[in-house]
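Student: Hey, can you walk me through this structure? I'm new to this, so plain words please.
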Amino acid sequence: MVEPGEPFGWQTARRCGVTDFKIREIMVPLSEYATVREGATLLEAVLALEKAQEEFEHYQYRHRAILVLNRAGRVVGKLSQLDVLRALEPEDASNAELKQLMRFGFSPEFIRGFRKRKRLDGVPLQNLCTKAAGLKVEAFMQTPSEGEYVEVDASLDMAIHQLVVGNHLSLLVTEGEAIVGILRLTDVFAAVFHLMKECQLT
Amino acid sequence: MKALKSLLDRIALRVNINLRELEFDVVPIARHLVPLKQMTKFYAFYGITPNHPLSLEFRHSSLAGSYFLGRCRTNHSILYKTDIRGDELQIKGDTFTFGGHSITLSEDEMIDVQDSFLVKTLVHSYSHDPESRERFFITNTLSCHYANIHGSPIDGSFLGPFATVDLTTMYDCAIGAYSYIQAGEIGHFQAEPGTVWARSRGDFNFVYKHPVERLKTYIHFVPGKAPSGVFMDFLEARKKDFERVFDVVNLQKPKGIPANASLDRYAVIKPKMHIAENVLVAQRAYLENSWLGKGANAQENCYILNSRLEGYNVTAHGAKIIDADLGRRVFVGFNSFLRGRPDCRLAIGSGSIVMPHTIIDIDQPMHIPEDHFVWGMITSAADLETNSMPLADFARIDGRLYRGNLLFEGSGEAFVTGFQKRIEHILLDNGALFDGKRYKGHAQRNQNISVNTIQPYPEGRLKGLYPTIIIQP
């Protein structure tokens with residue numbers, strides 16, 4: 001019997017123990033995560049990621065993002081692997097330019113050809129990497145949105161809801177004003193997978 | 001002058017309402033485009049000829065220095081040194097074909113300017129909008145210095161200095177300085193300065209973008225300031241020569257002009273000109289020390305200096321040719337700027353086509369072979385290599401061309417033959433092919449135009465505005 005005000009499936013979750021999982025137990029503590037300060041270069045960010053991976057290799061899954069901290073140590077941005085790759089995109093092939101081409105009425109085939117040509121005319125990948133390495137992280141990091149924060153005491157199902165609705169790969173875990181860790185999609189998935197198996201057996 | 005100021009503010013706000021989606025603000029542009037004092041200084045004038053239907057109606061408008069020919073109505077508008085040339089408007093009974101059907105005009109076509117502010121703008125040709133053939137409308141629009149509105153009904157739009165809209169119906173668009181648009185019908189579109197766009201749906205699509213920084217040398221325009229750069233300097237340096245032709249009532253016609261050629265009395269003709277048969281020189285054209293061969297023409301705001309045009313040349317509205325030698329049937333498109341130097345001339349071979357809004361400015365001699373197509377910005381041999389091609393090669397394109405700043409998709413043949421047919425039409429319309437009996441055109445019909453002047457209120461609240469004036473045959 002579903003209690004009034006409780007979401008559907010809640011009883012099953014309770015029976016299988018989803019609510020027993022604590023975010024604190026499955027998050028990666030901030031101290032173990034790759035971080036850089038504002039003003040750092042992309043190369044420094046990538047090196048920080050490598051270092052974090054080496055130091056905390058007991059994690060089953062690799063880190064995939066770097067957090068950017070301000071002078072006060074507060075998280076102001078998140079740099080994903082995709083953000084780093086975005087720095088290698090030739091400037092001429094910007095989305096704005098491609099959108100404008102569509103407004104002129106060129107066909108999709110023409111635009112694909114234009115894109116390809118821009119790439120062929122562009123700078124070799126090695127040079128792009130060298131150039132990108134010196135760029136500042138602020139230019140490519142994503143500022144966390146409201147839905148990317150979750151309280152350390154919040155229930156796991158709430159965190160799952162935020163990940164799914166916001167299409168996020170991780171959430172920043174807060175305790176009061178401070179950010180204390182990262183809740184990664186991959187760790188949440190592992191926890192849920194574990195529960196599924198448990199439920200199957202009981 | 002209160003009424004004039006409030007009219008200007010009202011027009012700017014109306015244009016802004018139309019451009020709100022683009023977040024384009026014309027208020028600072030409109031306020032600084034022309035000092036209000038200037039709008040009270042000049043008379044307006046209109047032509048009378050037995051060859052064109054006459055109907056003029058001016059209501060609550062300022063018309064300083066503007067010229068009207070044919071059928072035109074202005075309402076709540078400001079026209080400053082603007083030419084409304086209605087000698088190609090269609091008349092009752094003319095037919096046009098659309099969707100395989102032939103449709104007859106129910107009345108004479110009229111240029112209808114409402115709630116608009118046009119500065120040194122040329123309005124010419126006839127409405128190419130199949131939905132509005134009897135009314136060539138220009139409403140809620142602001143156009144800047146030396147813009148061309150050619151066969152293009154426009155509503156709610158902005159045209160920057162030296163912009164051209166050609167055979168295109170346009171709604172709620174902002175066209176940047178020195179942009180050329182020929183695209184059939186467009187709406188809610190913003191063109192960056194120096195965009196050259198010619199499209200015929202299903203046939204071809206041509207887009208060239210002038211390099212932004214290099215273009216600024218020639219035309220630079222920011223809201224709140226007058227346009228500046230080489231183009232403006234060139235025109236300002238010759239401004240005084242026009243004062244005489246506008247101040248003197250009875251000008252003596254230059255000698256040695258063939259009977260079948262036409263020189264507008266508001267053109268500047270400086271010494272050592274050769275004018276051959278069937279030549280057409282429109283008002284506000286400027287000629288000096290040049291040779292115009294048979295059937296050549298110089299349209300409004302054209303400047304031809306120290307140059308030789310062999311014959312049947314079309315020099316479209318606003319084009320400038322300096323220290324250059326052009327073979328027969330060379331077409332120079334709208335607002336092109338072709339400048340050689342006395343010691344390094346520019347030569348363009350017969351049958352070549354210079355795309356509208358092309359800049360050729362050289363300090364080394366340059367020769368463009370015959371039957372070539374030229375476009376874009378050319379200041380060196382390397383630029384010419386990128387921005388030119390034999391017409392026959394261009395006609396062979398069937399698909400795509402990416403070359404420098406040019407993007408082209410579709411049929412090169414349709415593009416080239418379309419251009420060539422249009423050039424033949426222009427030559428025919430201008431009377432270049434007149435043989436004494438057949439093929440009369442503007443060069444023959446515009447020879448005897450009587451010109452009357454009209455004046456604004458000289459003082460008081462309505463200073464600068466013209467009273468309601470209706471002129472009928």
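Tutor: Sure, a definition to begin with: two strands pair if DSSP finds at least two bridges between them. Helices (H or I, at least four residues) and strands (E, at least two) are DSSP runs, numbered from the N terminus. This is a predicted model, where local features need pLDDT of at least 70 and side-chain atom pairs count only at pLDDT 80 or more, while totals for chains, interfaces and linings use all residues. Residues are numbered from 1 along each chain as its sequence is written, and chains are lettered from A and ligands numbered from 1 in the order in which they are written.

Student: OK, so how many bridges join β38 to β41 in chain B?
Tutor: Strand β38 (residues 337-339) and strand β41 (residues 359-361) of chain B run parallel and are joined by 3 bridges. Opposite Asp361(B) in β41(B) you'll find Arg339(B).

Student: Which sheet has β38 and β41 in its order?
Tutor: An open sheet of 7 strands in chain B, with parallel pairing and the order β26-β29-β32-β35-β38-β41-β44. Its edge strands, β26 (268-269) and β44 (377-378), each pair on one side only.

Student: What does Leu338(B) touch?
Tutor: Leaving out residues up to four places away in sequence, Leu338(B) touches several residues, including Ile322(B), Val332(B), Leu346(B) and Ile360(B). Touching, or contact, means that the C-beta atoms, placed from the backbone, lie within 7 Å.

Student: And the largest nonpolar core, which residues have the most contacts inside it?
Tutor: Ile175(B), Trp197(B), Val281(B), Val332(B) and Leu338(B), in a core of 137 residues. Helix α1 (residues 2-18) of chain B gives the most to this core, with 5 residues. A core here is a set of buried Ala, Val, Leu, Ile, Met, Phe, Trp, Tyr and Cys residues joined through C-beta atoms within 7 Å. Buried means that 20 or more other C-beta atoms lie within 10 Å of a residue's own, exposed means 12 or fewer, and partly exposed is in between, with C-beta atoms placed from the backbone.

Student: New topic: α8 in chain B. Which of its residues are buried?
Tutor: Gly412(B), Phe415(B), Val416(B) and Leu427(B) are the buried ones in α8(B). Seen down the axis, they fall within an arc of 105°, so they line one face of the helix; the arc is that of the directions from the helix axis to the C-beta atoms. On the other side of α8(B), Lys421(B) and His425(B) are exposed.

Student: What do those buried residues of α8(B) pack against?
Tutor: Several elements of chain B, among them β24 (204-209) and β47 (406-411). β24(B) is mostly covered, with 5 of its 6 residues buried.

Student: Which strands does β24(B) pair with, then?
Tutor: Strand β23 (residues 195-200) of chain B runs antiparallel to β24(B), with 6 bridges joining them. β47(B) also pairs with β24(B) in the antiparallel sense, over 5 bridges. In that second pairing, Asn205(B) stands opposite Glu409(B).

Student: What's between β23(B) and β24(B)?
Tutor: 3 residues, and the two strands form a hairpin. Gly202(B) in the turn has a positive phi of about 85°.

Student: Last one: how many residues does each chain bring to the contact?
Tutor: Chain A brings 9 residues and chain B brings 9 residues. Helix α6 (residues 108-121) of chain A gives the most to the side of chain A that touches chain B, with 4 residues.

Student: And chain A itself, how many helices and strands?
Tutor: Chain A has 9 helices and 7 strands, and buried residues make up 21% of its 202 residues.

How values were computed: Two residues are in contact if their C-beta atoms, placed from the backbone, lie within 7 Å.
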